[in-house]
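Open the model in your viewer and keep the selection tool at hand. The stops below cover a cavity, some ring pairs and charges placed over rings.

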Amino acid sequence: MNSTITQTRNVPLCGDYDVVVCGGGPSGVMAAIAAARGGARTAIVERYGFFGGMATAGLVAPISVFNYNGRRIIDGLPWEFVSRMAEVGGAEEEKPLGNITFAPEIYKLTAQRMLLEAGVKLYLHSYITDCIKDSGNRITHIVMEGKSGARAISGRVFVDATGDADLGALAGVPMQVRKGELQPASLIFMLGGADTDNLPMIRHSRQGVNYVDLDMRKVLTELRETMHIPVFGGPWYCGVLAKGIVLVNITRLNVDMTDTDAATDAECTLHEHAALFASLMKKHIPAFADSFLLATAPQTGVRETRHLLGAHVLTGEEYLGCVKFEDTVSRGCHPVDIHSAGSTRQRCEFMKDAGFVPYRSLYTPSFPNYLVAGRALSADPVAFASLRVQASCMGTGQAAGAAAALSVKNGVDVDKVDIEALRGILLDFGANLDN
């Protein structure tokens, strides 16, 4: 059906804030804490009843990568968050690379505690469905839906940390034109009853190593010759700090997860794939002989959807070449990791050193109070393929939140923020911007 309906309604306004962060994943949590610590009246809107995004709703682990070439690259609030988890036994650093094995429930609780301690107003179970902007493309309100119906909040600066640039899409923010296929989506599943003492490659601690289970990959490749085996990646395994429990990253599907119907089909397909791969691993890997499918992630993990067309599109040449920018506000050191959506191939290119992210990749001049944090930043496919991971997203979240608060404090558009002042705030947080 192509018919439409027209709906007119009055939406109650339930809050007014300096900074509104949309999305409570790794970048959104950092953005909200940074904005609140910067003195801004801050709210965060999250569709689930908990925080963590891909880390907790997607069960994507480990949190990678914090360290490179013997030094901390992603630092400040992100590392404070990791340290807080570790204090209560919910995180463990895999030295020297600085991948973080974590307990998902401790992640949720730590994020909640730090947000509340910073004075952030939480709007959980709230899905952003619309926004209002003025004639100058300044966003004034967002509309969110939940069990209480539609409600609106107003703000002076909005940080889009949805991962898919959902607020930007609603507002008409310019996005990059897609060239080629998107990186595939993956449904992470959890196995219980695993022999974690003898499971191959459950650690991710050595620089320059792709921790793929080559034995299982060989088995699956051979099985594809005689039976229908879906396209797969890895497989990669990660613990959750509990004996016998393993997260498995193996499923892979070519889908645009911003298309609701396609996403629905993908969830159904990937649950079938997860069950199949769990049974094959039980049959062919001794460490999984007594394993069972304990859970699948609440949502499919998304690698790539929309990309902001920002004031600067960070290129792979700049990023891999470690070009320093006057407006550097974050870093990245994960390998350039490009998964093929239609095959089992993967491009994994390790960096010589950590790259730099300019502030100009977090905004577009035509929208004066809109910032992006996380994987929707303005970057080409190569730079993006490194910066899309959680530690890097935390870093850009920290930067976007600090910039939003500074924009409000000085009464300027986001593209007019004093860069030296912004960098000073980030350095005070503990961020590594230069070394």
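How many cavities of 30 Å³ or more does a search of the whole structure find? The search finds 1. This is a predicted model, in which local features need pLDDT of at least 70 and side-chain atom pairs count only at pLDDT 80 or more, while totals for chains, interfaces and linings use all residues. Residues are numbered from 1 along each chain as its sequence is written, and side-chain values use heavy atoms, with hydrogens and water left out.

**Stop 1: the cavity**

Select Ile73, Ile74, Asp75, Val329, Ser330, Arg331, Gly395, Gln398, Ala431, Asn432 and Leu433, which line the largest cavity. Its volume is about 50 Å³. A cavity here is a set of points, on a 1 Å grid over the protein atoms alone, where a 1.4 Å probe fits but cannot get out; lining residues have an atom within 4 Å of a point. Grid points are joined across faces, edges and corners, and the volume is the space filled by probe spheres set on the points.

Colour strand 15 (328–332) and helix 9 (390–410): each supplies at least two residues of this lining. Strand 15 gives the most, with 3 residues. Strands (E, at least two residues) and helices (H or I, at least four) are DSSP runs numbered from the N terminus.

**Stop 2: Arg331**

Stay on Arg331, one of the lining residues, and add Phe356. Arg331 lies over the face of Phe356, at 3.9 Å from the ring centre. The criterion for Arg is CZ within 6 Å of the ring centre and within 35 degrees of the ring normal.

**Stop 3: Trp79**

Now select Arg72 and Trp79. The charged end of Arg72 sits over the ring of Trp79, 3.6 Å from its centre.

Next, the ring pairs: the whole structure has 8 aromatic pairs. Add Phe66: its ring and that of Trp79 have centres 5.1 Å apart and planes at 70°, so the pair is edge-to-face (centres within 6.5 Å, planes over 60 degrees apart). Phe66 is in the loop between strand 2 (42–45) and strand 3 (67–68), and Trp79 is in helix 2 (residues 77–87), 13 residues apart. Phe66 is buried at 0% relative accessibility (buried means under 20% relative accessible area, 1.4 Å probe, protein chains only). Trp79 is buried too, at 14%.

**Stop 4: Phe81 and Tyr107**

Which arrangement do the rings of Phe81 and Tyr107 have? With centres 4.8 Å apart and planes at 70°, the pair is edge-to-face. Phe81 lies in helix 2 and Tyr107 in helix 3 (residues 104–117), 26 residues apart. Phe81 is buried at 1%, and Tyr107 is buried at 2%. Finally, add Phe102: ring pairs link Phe81, Phe102 and Tyr107 into a cluster.

Conventions: Phe/Tyr/Trp six-rings, centres within 6.5 Å; stacked < 30°, edge-to-face > 60°. Buried < 20%, exposed > 50% of the residue type's maximum accessible area, 1.4 Å probe, protein only. 1 Å grid on protein atoms, 1.4 Å probe; cavity = no way out; pocket = protein on both sides within 12 Å on 5 of 7 lines; lining within 4 Å.
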